[in-house]
Amino acid sequence: MAFSRVCDLLDVPIGEAFKVEGDGAAVAIFNVDGDLFATQDQCSHGDWSLSEGGYLDGDVVECSLHMGKFCVRTGKIKSAPPCESLKIFPIRIDGNDVYIDLDAGYLTP
């Protein structure tokens, strides 16, 4: 795994999201009660940013374009209309530094 530093821990307040531009696709980092999770930023249903145009309620993000919902822990769909889960990315924290393996995004089974 090739982790890259993407932001500072303070860039992602509790209950908020932060967008990171990766090679080829953006990644959204979500802070759920102090735990960070990383998913693809683009909703799988439409060309819409989940970090900039979504609403985080606990560990579920709702896309404001068509109101589809995803679990940010697993990437799995919680509510239609999306038909495809989100990719999730390995994430780790070292002090105040947030690292993501931008090449290791995957769909959970």
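## A tour of charged pairs and strand 1

Select lysine 19 to begin: with a relative accessible area of 27%, lysine 19 is partly exposed. The model on your screen is a predicted one. Keep lysine 19 selected and add glutamate 52. Their side chains form a salt bridge, 3.7 Å from N to O. Lysine 19 belongs to strand 2 and glutamate 52 to helix 1, so this pair ties together parts that are 33 residues apart in sequence. Glutamate 52 itself is exposed, at 61% relative accessibility.

Now select aspartate 41. Here is another salt bridge to lysine 19, with the closest N and O atoms 3.8 Å apart. Aspartate 41 sits in the loop between strand 4 (35-40) and helix 1 (50-53), while lysine 19 is in strand 2 (residues 17-21), so the pair ties together parts 22 residues apart in sequence. Is aspartate 41 buried or exposed? Aspartate 41 is buried, with a relative accessible area of 2%.

Add glutamate 21 to the selection. Salt bridges link Lys19, Glu21, Asp41 and Glu52 in a network. As a general point, side chains of opposite charge can pair when their charged atoms come close. The count for this model is six salt bridges.

Next, go to arginine 5 and aspartate 97. Their side chains meet in a salt bridge of 2.7 Å, N to O. Arginine 5 is in strand 1 and aspartate 97 in strand 11, so the pair ties together parts that are 92 residues apart in sequence. Arginine 5 has a relative accessible area of 44% and is partly exposed. Aspartate 97 is also partly exposed, at 24% relative accessibility.

Stay in strand 1 and select serine 4; the strand covers residues 4-8. Which residues does serine 4 touch, leaving aside those up to four places away in sequence? They are Val98, Tyr99 and Ile100. Measure from C-alpha to C-alpha in your viewer: serine 4 and isoleucine 100 are 5.5 Å apart in space, although 96 residues apart in sequence. Serine 4 counts as partly exposed, at 33% relative accessibility.

The last stop is aspartate 101, in the segment after strand 11 (97-100). Which side chain of opposite charge is nearest to aspartate 101? That side chain is arginine 92, 8.6 Å away; aspartate 101 is buried and has no salt bridge. Select alanine 2 as well: its backbone nitrogen lies 3.1 Å from a polar atom of the aspartate 101 side chain.

How values were computed. Residues numbered from 1 in each chain as written. Predicted model: local features only at pLDDT ≥ 70, side-chain atom pairs only at ≥ 80, totals over all residues. Heavy atoms only, no water. Helix = DSSP H or I, 4+ residues; strand = E, 2+ residues; numbered from the N terminus. Buried < 20%, exposed > 50% of the residue type's maximum accessible area, 1.4 Å probe, protein only. Contact = heavy atoms within 4.5 Å. Lys, Arg positive; Asp, Glu negative; His and termini not counted. Salt bridge = Lys/Arg side-chain N within 4 Å of Asp/Glu carboxyl O. Polar contact = N/O pair within 3.5 Å; in protein donor to acceptor, adjacent residues only side chain to side chain.
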